[in-house]
Amino acid sequence: MLEEDMEVAIKVVVVGNGAVGKSSMIQRYCKGIFTKDYKKTIGVDFLERQIAVNGEDVRLLLWDTAGQEEFDAITKAYYRGAQACVLVFSTTDRESFQSIQTWKEKVEAEVGDVPTVLVQNKIDLLEETVIKNEEAEALAKRLKLRFYRTSVKEDLNVTEGVFNTSSSNVCNQ
Ligand code: GDP
């Protein structure tokens, strides 16, 4: 068998309200860049990064919603075959926090109970923070999710935290 045939690929869906930093997080992880005015590339479904989990090569395919979430128009193709999920809200946007449970239920309805992490993004914006740590932690506890506080801008907890956990959760389940 060719080596490529044996490669493991994991599809991860990144969901949450618009403007919480989902595309930026995927860009940061896969390309190592942060651009403030990053515009979603029409037609690109996912970016990928090759990593090693338990000494094995794994391709992590990170699916971007390309703005569809704003119209509640995410297609079934987006969720199809997802093996892990990253739920993102912004610490500066209470509505995005309040929508987390609904997002979780949408994903569950499509793909069942896959390994999922909760992410509080934009923690560099201290002055604009409206979500207290305790309430975010309480939500994570209630929904039984691993929880990370990230700044995509400052590159805090994205690579070492969120995606590291997502991939090892899938590979070790
Ligand atoms: P999406 O709609 O959820 O994909 O959000 P985007 O990735 O398009 O990000 C929305 C805006 O938030 C953009 O202007 C990003 O540059 C900005 N942004 C994303 N992550 C962070 C962060 O951690 N800190 C700050 N200050 N801005 C961020």
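About 40 Å³ of space lies in the largest cavity, and that's where our tour begins. Keep in mind as you click around that this is a predicted model.

**Stop 1: the cavity**

Select Lys104, Val107, Glu108, Gly112, Asp113, Val114 and Thr116, and you'll have the lining of the largest cavity on screen. Which helix gives the largest share of that lining? Colour helix α4, residues 100–111, to find out: three of the lining residues come from there. Now try colouring by class. The cavity lining has three charged residues, along with two polar and two nonpolar ones. Don't go hunting for others of 30 Å³ or more, since a search of the whole structure finds one cavity of that size.

**Stop 2: the pocket**

Next, select Ala19, Gly21, Ser24, Phe34 and Lys122. Out of the 21 residues that line the largest pocket, these lie nearest its centre. How much volume does the largest pocket have? It comes to about 470 Å³. If you show the whole lining and colour by class, you'll get eight charged, seven polar and six nonpolar residues. Helix α1 gives the most to this lining, with three residues, and α1 is also where we're heading now.

**Stop 3: two helices that cross**

Show helix α1 (residues 22–31) together with helix α6 (residues 158–171). When two helices pack, people describe them by the distance between their axes and the angle between those axes. Here the axes come within 11 Å and cross at roughly 100°. Angles of 65 to 115 degrees count as roughly perpendicular, so that's how α1 sits relative to α6.

Which residues make the contact? On the α1 side, pick Met25, Arg28 and Tyr29; on the α6 side, pick Val158, Thr159 and Phe163. Sorted by class, this contact has four nonpolar residues, one polar and one charged.

**Stop 4: arginine 28**

Keep arginine 28 selected and hide the rest of the contact. You'll find arginine 28 in helix α1. Is arginine 28 buried or exposed? Its relative accessible area is 12%, and under 20% counts as buried, so arginine 28 is buried.

To see what surrounds this side of the helix, leave out residues up to four places away in sequence and select what arginine 28 touches: Ile33, Phe34, Val152, Lys153, Asp155 and Val158. Two of those names should ring a bell. Val158 belongs to the α6 side of the helix contact, and Phe34 is among the residues nearest the centre of the largest pocket.

How values were computed
Residues numbered from 1 in each chain as written. Predicted model: local features only at pLDDT ≥ 70, side-chain atom pairs only at ≥ 80, totals over all residues. Heavy atoms only, no water. 1 Å grid on protein atoms, 1.4 Å probe; cavity = no way out; pocket = protein on both sides within 12 Å on 5 of 7 lines; lining within 4 Å. Points joined across faces, edges and corners; volume = space filled by probe spheres on them. Helix = DSSP H or I, 4+ residues; strand = E, 2+ residues; numbered from the N terminus. Nonpolar A, V, L, I, M, F, W, Y, C, P; charged D, E, K, R; others polar. Axes fitted to C-alpha atoms, helices over the stretch in contact; angles between N-to-C directions. Parallel < 35°, antiparallel > 145°, perpendicular 65-115°, else oblique. Contact = heavy atoms within 4.5 Å. Buried < 20%, exposed > 50% of the residue type's maximum accessible area, 1.4 Å probe, protein only.
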